[in-house]
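Here's a look at charged side chains and who they pair up with. Have the structure open and follow along.

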Amino acid sequence: MKRLIAGLSAVVLGLTLISAIPGVAASATRDKWDTRVFSNVPYPGTPAYVFVHTNGRVYAGTYDAGITKASRVFEWTKGGTLLRSWTVPGQDLEHSPGIQVANQDARGRLVLLEKSTSAVLTLDLKTGRFKRQATLPDLPLCSTKVTPCSPNSSDAKAIPNYAAWGPDGALYITDYGQAVIWRIPAKGGTPKVWFSSNALDSVLEFGTTGLVYQASSKSFLIAQQTVGNLLANAPSGRLYGLPVSKSGKPGKLTTMWTSRPTELPDGFGIGLSGKIYIAGVGPMNQLVVLSQTGKELERFPKFPLLGDNGSSVPFDGPSNATFLGTRVLVANQSPISGDRAHHVILDVEVGERGVPNYLPKGSILR
């Protein structure tokens, strides 16, 4: 009897320890695709990306609420309890202010991308101090024969959208408006065009979004919301692969996956299996699962448009898939419906852990 009691106690203790590990309890008690509300996003809402910090906390900013109010950065526990918020200074409130919590640096500061001023900022979580690290230039069109230039078919200013650290400790940034990828040198400095292509040109200015560096293949994955001419073809998006050479230069851009029309692929996360979970912020309202080579494997929900994920809040412009344990956190941006009741972060069980955010030594801005 004593052995039986001791054995049962060991089992209970083991289950208790397992439940204390982030993500394990969720996978032990939740079915794949089980979806819950992680947290509401306070006014002005419209979250566009969710970032999980190495400190274990979760961050998101209010990107584009269609109002002339300063954006905010929010901090939650990994359980969804709102802890703090900061109001972003220095925005142009007359021109669609918006902030994206895009990454962190090796000092633990958040890397923020500001839409209205084309700025790259950092936020010190200990002091609450914002620092402007760089401003992305407004490039002339390449038709002007001036370099550097934007290969866009129409003129637009720089709109920093996603950021990833590269193998050289430099920060790489997608530009939603100008069909280029920027590079800010390690330890900070002047941003320069690292890659440009008319493959990053877009329909109706739905441009380049998600960016992840894969150390295993020494390449970037890049999401493009639309490609081509609206009169010539339906506005489908792409997932591209772009290798980085030993010299640090971009290699040949290849198309790994083409989305359905109006899907508008945005942010994505990569599982340890190699599967890519990519969100479509367009009206399809689905997460798409791809193999590591870009083959489409499945979609959630199975049927498009309604966003019926089984939770109290449907997908309404899901704009990212960021791993937290065995779940992905998905920001509901609601760009089409504008329903503020849907401005939430959703927690979707996927049954596997994700590849950690790439944060090389020396990934520090000024």
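What follows is a walk through some salt bridges in this model, which is a predicted one.

Start with the basic idea: side chains of opposite charge can pair when their charged atoms come close. In this model, the count comes to 11 salt bridges, taking a Lys or Arg side-chain nitrogen within 4 Å of an Asp or Glu carboxyl oxygen as the cut-off.

First stop, Asp105 and Arg109. These two form a salt bridge, with 2.7 Å between the closest N and O atoms. Are the partners buried or exposed? Asp105 has a relative accessible area of 0%, so it counts as buried. Arg109 comes in at 9%, and because buried means under 20%, Arg109 is buried as well.

Next, pull up Arg299 and Glu296, whose side chains meet in a salt bridge at 2.6 Å, N to O. Here the burial labels split: Arg299 is buried at 11% relative accessible area, while Glu296 sits at 32% and is partly exposed.

Now for Asp347 and Arg327, another salt bridge, this one at 3.2 Å from N to O. The pair ties together distant parts of the chain, 20 residues apart: Asp347 belongs to strand S24 (residues 344–349) and Arg327 to strand S23 (residues 327–331). Asp347 is buried, its relative accessible area being 6%, and Arg327 counts as buried too, at 11%.

Which residues share a network of salt bridges with Asp347 and Arg327? Look for Arg30, Asp34 and Arg36: together with Arg327 and Asp347, they are linked in that network.

Technical notes. Residues numbered from 1 in each chain as written. Predicted model: local features only at pLDDT ≥ 70, side-chain atom pairs only at ≥ 80, totals over all residues. Heavy atoms only, no water. Buried < 20%, exposed > 50% of the residue type's maximum accessible area, 1.4 Å probe, protein only. Helix = DSSP H or I, 4+ residues; strand = E, 2+ residues; numbered from the N terminus.
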